[in-house]
Amino acid sequence: MDLKNLTVEEKLRLICGKDAWQTCDFNGKLPFVKVTDASMGVRTAKEDGSGDKPSVSYPSSQMLANTWNLETVRTYAECVADDCLEYGADILLGPGVNIKRNPLCGRNFEYYSEDPYLAGVIAREYISAMQQEGAGACLKHFCCNNLEYNRRLQSSEVDERTLREIYYKPFEIACEAKPVSLMCSYNKINGVQGSEYRKGFAVLREEYGFDGAVISDWDAVYDRAKAAKAGLDLEMPFSQSNYEKLLEDYQAGKITEAEIDECAQRVLDMVSRCKQLQEGKKRKRTQAERVKVAQETAEESIVLLKNDGVLPLKKGQKVAACGIYGAPYSANSDYSRYLAGGGSSKVVRLTNVFDIPEVLRKQGFSVLFNGGFDDNGINNWVRMSPRAATENAAVSDVNLVFAGTGGEIEHEGNDRKQMKLSDVQERAILDAAAVNPNTVVVLFAGAPIDVSAWIDEVAAVVWAGFPGERGDEAVANILTGKVNPSGKLTETFPLRYEDTPASQGYIDGTVTRYEEGLDVGYRYYDTYGVDVLFPFGYGLSYSEFDYKNLTLKGTGDKLEVNFEIENGSEIDGKEVSQVYVRAVSSYVYRPYKELKGFAKTFVKSGKTEKVTVRLDKHAFEYWSVGHDRWEVEDGIYEIIVAASVADEKLKIKIKIKDGKITVL
């Protein structure tokens, strides 16, 4: 498609959108695309405006990342593409790759990781798979939208090297998959509105090869002409006042027709490409099969944080359970209040019952359930009796407490006030543990929880996150050992919020200074030796794994890392291994070590599997502010194979000279 049949006024209108969800078609003159919210499924409004249509609700993005399994990521994305085809959506507004700089950010459940490499690789595979199945992606939010606090007016003030290595990096990697579109952020970046960020848009197009359309976040455009001149192609949703001002600015010569044409052509190209993606595509999986994938993804994403031997549950045990996060009985209840985050990512689930005790009963366990506590009025439709719940715990072999946050605490447009659970939930956990030392806490949340008040009193902690459709079955399968937990954390759980570097940085009503620079997440804790609750990359298993026989093979500027993982237990399992790189001595500051590769490997009981992780020059480079380019410094580097950032298993050194790798 080209612009020759459009008037100037039509081109101006084209780059302003038709309404909240579609591009302009001028009464059939042009094809158009429809976009849809939610990166955890498809959020589509009912025709009568009475709410959203039910759709497959998948585990949240944070949980998908916890799988560390790119095959699972691709399968998940293919299912979301099927949902888009089913609901007539051309572009899904996701994935989100914003860095988890601050654990209180209200949208952290929508994002992948505190690590830019991991976030970028997952997004790249997600975009590639989804677009291959016919649905376009909208990579978001570019960039530095790392809090929801005053997001429309805040300026994120970040130095150039940190932008390049931390906040641009996931976009750089994800752009390898050629997303059809990319969304700007609400906030300012170093004083420039996200919708007018010419410098950043130039990096995307000229350096990262992005050739799609840049779309505004909804109502993020303040001056349409300035945004268009900067390279923002499509404003969403349509704003009559912004359109009229754009027309005035064009007539006044403040924006040229050539500048308008650049934006309009990219919008047309985006529409054309979306239609090409859909040619000959049919839904790959039935809705029932997609629900099954949602459950399987949850099973692989759940992280076992603590286990003193109480898990898995054993047949014949009498089990008590409390906490409505695990057993809402009302088919008409709003699940997003406690089983998912809130905001534009919210999906109305298909499954209308979430009941872990009932699933356990079907697996042969005797379960006494009582709501146990009323969380400060939230979810008070369940009859609560803390005394009954405590008495159940006292007469049972194992006691389960289902606790968490939910969409009233974690949601778009608002940040969490604290990392702790409510006082009511903490008291319920402590009361239960006091009468039953075999207490297991199952947490439903989208970001780290401060568990310091009760972690030493309980026998096990299971991180269920926001698990999506049939998450109750997924959690039950982990608890009973039907599924061996294999998820690992993609963000650090600090001991307390005050330990995070972001908590110490300058912030006022309009400015947030990223004073920690490169030291985000584990880069800070690892470099400065700060104790944490659960480190990045951490997760327990019912299996026991041993790492051995590390060897390297270097060819030019590429490196092949080979090692073996042995499963010394009687249980088949999957292990996530991580490869970090450390610059032993450098003329510029480098964090102690940085993630540069990973693998997830299935290892049968008593067997050993070989693992290969390949690194290239990008694993060793840093952004040189002095030369304004990526550089690989000559010197000695250590290759570290680890089970988590804090659990280093194998090490070996290499030397780089003039870009060539020598194994020492």
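User: What stands opposite Y547 in β19?

Analyst: I565 does. Keep in mind that this is a predicted model.

User: Which other residue stands opposite E566 in β19?

Analyst: D546 is the one facing E566.

User: How many bridges are there between β18 and β19, and in which sense do they pair?

Analyst: Nine bridges, in the antiparallel sense. β19 covers residues 558-567, and β18 covers 545-555.

User: How many residues lie between β18 and β19 in the hairpin?

Analyst: Two residues separate the strands. In that turn, G556 has a positive phi of about 65°.

User: What sheet does the hairpin belong to, and in what order do the strands come?

Analyst: An open sheet of three strands, ordered β18-β19-β22, with antiparallel pairing. The edges are β18 and β22 (608-615), each of which pairs on one side only. From one strand to the next, the twist averages 20°.

User: And what holds strands of a sheet together in general?

Analyst: Strands pair through backbone hydrogen bonds, either parallel or antiparallel.

User: Back to β18. Which residue has a positive phi although it is not a glycine?

Analyst: N549, with phi of about 55°. N549 sits in strand β18 itself.

User: Is N549 buried or partly exposed?

Analyst: Partly exposed, because its relative accessibility is 49% and the class runs from 20% to 50%.

User: Where is F26, and what is its phi?

Analyst: F26 is in the loop between α1 (8-14) and β1 (35-36). Its phi is near 50°, which is positive in a residue other than glycine.

User: Pockets next. How much space lies in the largest pocket?

Analyst: About 790 Å³. The lining has 35 residues, and those closest to the centre are Y117, K596, D616, H618 and A619.

User: Which element gives the most to that lining of the largest pocket?

Analyst: β21, with six residues. It spans 594-603. Elements supplying at least two residues each include the helices α4 (116-132), α5 (160-167) and α6 (169-174). The strands β18, β19 and β22 also supply at least two each, so the sheet we began with reaches the pocket lining through its three strands.

User: How do the lining residues of the largest pocket divide into nonpolar, polar and charged?

Analyst: There are 16 nonpolar, four polar and 15 charged residues.

User: You listed Y117 at the pocket centre. Which cluster do ring pairs link Y117 into?

Analyst: The cluster of W68, Y117, Y522, F536, Y580 and F598.

User: How many aromatic pairs does a search of the whole structure find?

Analyst: It finds 24. One of them is F354 with F444: the ring centres are 5.9 Å apart and the planes lie at 80°, so this pair is edge-to-face.

User: Which parts does the F354 and F444 pair tie together?

Analyst: F354 is in the loop between β10 (318-322) and α12 (356-362), and F444 is in strand β13 (residues 439-444). The pair therefore ties together parts that are 90 residues apart in sequence.

User: Are F354 and F444 buried or exposed?

Analyst: Both F354 and F444 are buried.

User: Different topic. Which strands does β5 pair with, and do they run parallel or antiparallel?

Analyst: β5 is joined to strand β3 (residues 136-142) by three bridges, and these run parallel. Three bridges also join β5 to strand β8 (residues 213-215), again in parallel.

User: Which residues stand opposite C184 and S181 of β5?

Analyst: F142 stands opposite C184, and A213 in β8 stands opposite S181.

User: Which way do the residues of β5 point?

Analyst: S181 and M183 point one way, while L182 and C184 point the other. All of them are buried.

User: What about the peptide bond that follows F142?

Analyst: The bond from F142 to C143 is cis, with omega near -15°. C143 lies in the loop between β3 and β4 (155-157).

User: And what is the peptide bond from L311 to P312 like?

Analyst: That bond is cis too, with omega near 0°. P312 is in the loop between β9 (303-307) and β10.

Note on methods: Residues are numbered from 1 along each chain as its sequence is written. This is a predicted model: local features need pLDDT of at least 70, side-chain atom pairs count only at pLDDT 80 or more; totals for chains, interfaces and linings use all residues. Side-chain values use heavy atoms; hydrogens and water are left out. Two strands pair if DSSP finds at least two bridges between them. Helices (H or I, at least four residues) and strands (E, at least two) are DSSP runs, numbered from the N terminus. Axes are lines fitted to C-alpha atoms, for helices over the stretch in contact, and angles run from 0 to 180 degrees between N-to-C directions. On a 1 Å grid over the protein atoms alone, a cavity is a set of points where a 1.4 Å probe fits but cannot get out, and a pocket is an open set with protein on both sides within 12 Å along at least five of seven lines; lining residues have an atom within 4 Å of a point. Grid points are joined across faces, edges and corners, and a volume is the space filled by probe spheres set on the points. Ala, Val, Leu, Ile, Met, Phe, Trp, Tyr, Cys and Pro count as nonpolar, Asp, Glu, Lys and Arg as charged, and the others, Gly among them, as polar. Rings of Phe, Tyr and Trp (its six-membered ring) pair if their centres lie within 6.5 Å; planes under 30 degrees apart count as stacked, over 60 as edge-to-face and the rest as tilted. Buried means under 20% relative accessible area, exposed over 50%, partly exposed in between (1.4 Å probe, protein chains only).
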